[in-house]
Structures are given as structure tokens and as C-alpha cells.
Amino acid sequence: MNNLLRLMGNRLIWLPIMIFGVTVLVFFLMSLSPIDQAYSALGENASPEQLAAYRTQHGLDDPVVVQYCNYMAGFFHGDLGTFGPASQSVAGRIATALPITLQLGFFGFIIAIIASAILGVISALYRDRWPDQVIRIFSIACIATPSFWLAVLFILLFSSTLHMLPASGALPPLTENPAGWLARMAMPGIALAVPLTGQMTRIIRTSMVEELDKDYVRTARGFGIPYGTVVARNVLRNALITPVTVLGLKFGYMIGGAVVLEVIFSLPGMGMAILSGVTSNYVMLVQGVVLVVAITFIIVNVIVDMLYILIDPRIRTV
């Protein structure tokens, strides 16, 4: 127990350090942008006096270190600045966009986990037989298929040709209209899940094969314990430890992939937010979105890492 607490404490100690490093990196990289925030906010008709007053009001003439300190002071109070001529709140825009991105990320993540677990276990149990060969070819094809290309094929087939699923339009709330939410999320969720399904299927198969070849499996079979019982109670539990360690990083990549697919399917998530920021030269919006996505990635990885520490019995013997 002391060892578990020590390892988990180390993760919690490093969490704020990593977040601080990300904020420094993102802010100083964005400070190198040649875009004039005053000009982007006030428009091309603004006078030099108005531009100068805007820079003074928002501290754009201060040294970069001072700007960073002011930005972080606002960040801890939930203020990420404003963007656009109407001085819209960056935090407010992210508050409406981030839940949609997380919904898409989790939806694709769940699809990938369920599909890869089933395919990986079947492939390992039927090793070197035709089900294993078919699943291995399928997993390689999934890995080699880009999500954005698959998304375009889905739109052409299920939306334009068969008219089964919507490719655009409003996203109904999950709690109020589950069927509408599922129809809207089906294509981007599956497109997002396909590459991860191929990767995790390979990992789960390899881990299962290694466990099935260990001595304790043969010993249990020798004592007359049914093969299915050995696989369900022992092999699966031990074999899934390795895939769990990969899931944290994979979820971060899922969030990044979701940002791209949101643009293709016109979902008002973080992808559309950063696209509008880039096309309209809203530096504060782009900076806020990138920062929140990076911090979300770090927090999810730390949580998954701590879960791995809790479920891996080998750590207790370190």
C-alpha cells in the first residue's frame, strides 16, 4: 500500500509541473505569431489611436513575461481572454465546444475498446487459424486507413447515397434525444474508432498469446480446470494489463482526431473553434483551445496511469 501511494503521489506531483510546462510552451509559441491582435479584434477600419488604445488596455505592449503572468492570473480565474469584434469570451466558447469534443472522443473510444477486445481475444484463441488470419488482415487495414478519408467515404455512402445518417446539422442533446444524438455521432465515432481498433486488436492479441503460452495455463489445464474458465478468470485479467497502459496515450490521440473530424462533419466542437480562430486570425481563441486540449490530454494520461498502478499486481512487489 505504501508503494502504491508513493507511485500515485509522484504522478500527482508531476501533474502541475507538466501543466505549467504546457502553458509556457503554448503561450510563448503563440507570442511569436505575426498577427496583430488589435487589428484582428477591431477590424481594418480601426484608427491608429484605437489600435494603440486596444493594445494598452489588453497589455499587448508589455514584455512577454508580463503578458504570460497576466494571462495565467486570468486563467486561474477562468478568464482566457476575448476574441472578435464583439469581444466574445474564449472561456465561454470553449465551455460549449469541449463537451462535444469529449463526447465524440469517448464515443469513438468505447467503440474501439469493445471491438478490439472481441477481435483480439478471438484472434488469440484461434491462433494461426483462419479467424486469426482474417482478423490480422482486418486490423492491418484498419491501421492503414486514415480517419478523415474514411469519414468522407461514410458521408458519400450513408448520407449522400443511402440517406441513412446525417452528415451535418445540429447535434441533439444526448439526454433529450439519444436516437438523434447517436445518428449524428455514428459516422464520426466509427471513423474515429477504426484506426485505434486495429492498433488495440494487435496489442490485445499479442498480450493474450503471451499469457496463453505461460506455464500456469498448462498447469491449470493439467488439473482439469476448463479452458474457458482459465481464459476468463486468469488469462484475460493478466493480458489486459498491457493494453491498459496504452489507452491513456491513445485517448489523447482520439481527442486530436476528433478535432479533425468535427470540421468534416460540422460538429461545433473544439475543431470548429480552432478552425474559426485560425481563419479569422483570433490568436486568443486558438491559444485557449490548444491549451485546453493539451491540459485535457495530460490529465487523462495521468488518470489512466494511476488506474494502471491500481490494477497491476506486479507494482505491489516493486
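Here are some numbered notes on the fold, the cores, the open spaces and two buried side chains of this predicted model.

1. **Ground rules.** Because this is a predicted model, local features need pLDDT of at least 70 and side-chain atom pairs count only at pLDDT 80 or more, while totals for chains, interfaces and linings use all residues. Residues are numbered from 1 along each chain as its sequence is written, and side-chain values use heavy atoms, with hydrogens and water left out.

2. **Overall picture.** The protein has 13 helices and 2 strands; these are DSSP runs numbered from the N terminus, with helices being H or I of at least four residues and strands E of at least two. Its C-alpha trace spans about 85 × 60 × 35 Å along the principal axes. Of the 318 residues, 41% count as buried (under 20% relative accessible area, against over 50% for exposed and in between for partly exposed, with a 1.4 Å probe and protein chains only). Among contacts (heavy atoms within 4.5 Å) with a separation of 6 or more, 71% join residues 24 or more positions apart.

3. **The largest core.** A good place to start looking is the largest nonpolar core, with 31 residues. Such a core is a set of buried Ala, Val, Leu, Ile, Met, Phe, Trp, Tyr and Cys residues joined through side-chain atoms within 4.5 Å. Met 185, Phe 265 and Leu 267 have the most contacts inside it. At least two residues of this core come from each of helix H5 (90–125), helix H7 (147–161), helix H8 (178–212), helix H11 (241–264) and helix H13 (283–311), and H8 supplies the largest share, 9 residues.

4. **Leu 267 and the second core.** Leaving aside residues up to four places away in sequence, Leu 267 touches Ile 100, Leu 104, Leu 171, Arg 184, Met 185, Pro 188, Glu 262 and Met 272. A separate, second core has 27 residues, including Ile 19, Tyr 71, Met 72 and Leu 80.

5. **The cavity.** There is 1 cavity of 30 Å³ or more, and the largest cavity holds about 70 Å³ of space. On a 1 Å grid over the protein atoms alone, a cavity is a set of points where a 1.4 Å probe fits but cannot get out, whereas a pocket is an open set with protein on both sides within 12 Å along at least five of seven lines; lining residues have an atom within 4 Å of a point. Grid points are joined across faces, edges and corners, and a volume is the space filled by probe spheres set on the points. Helix H2 (37–42), strand E1 (82–83) and H13 each give two or more residues to the cavity lining, with the largest share, 3 residues, from H2. By class, that lining has 6 nonpolar, 5 polar and no charged residues (Ala, Val, Leu, Ile, Met, Phe, Trp, Tyr, Cys and Pro count as nonpolar, Asp, Glu, Lys and Arg as charged, and the others, Gly among them, as polar).

6. **The largest pocket.** About 640 Å³ of space lies here. The pocket is lined by 23 residues, of which Gln 37, His 58, Leu 60, Gln 67 and Met 284 are the closest to its centre. Gln 37 and Met 284 also appear in the lining of the largest cavity. H4 gives the most to the pocket lining, with 5 residues, and the lining divides into 9 nonpolar, 11 polar and 3 charged residues.

7. **The second largest pocket.** This one has about 200 Å³ of space. Its lining includes Ser 147, Phe 148, Leu 192, Lys 250 and Tyr 253. H7, H8 and H11 each give two or more residues, with the largest share, 6 residues, from H11. The lining has 8 nonpolar, 3 polar and 1 charged.

8. **Ser 123.** This residue is found in helix H5 and is buried, with a relative accessible area of 1%. Its side chain makes a polar contact with the side chain of Arg 205 (3.1 Å); a polar contact is a pair of N or O atoms within 3.5 Å, where within protein one must be able to donate a hydrogen and the other to accept it, and residues adjacent in sequence count only if both atoms are side-chain atoms.

9. **Thr 23.** In helix H1, Thr 23 counts as buried at 2% relative accessibility. A polar atom of its side chain lies 2.6 Å from the backbone oxygen of Phe 20. Beyond residues up to four places away in sequence, Thr 23 touches Tyr 68, Met 72, Leu 291 and Ile 295.
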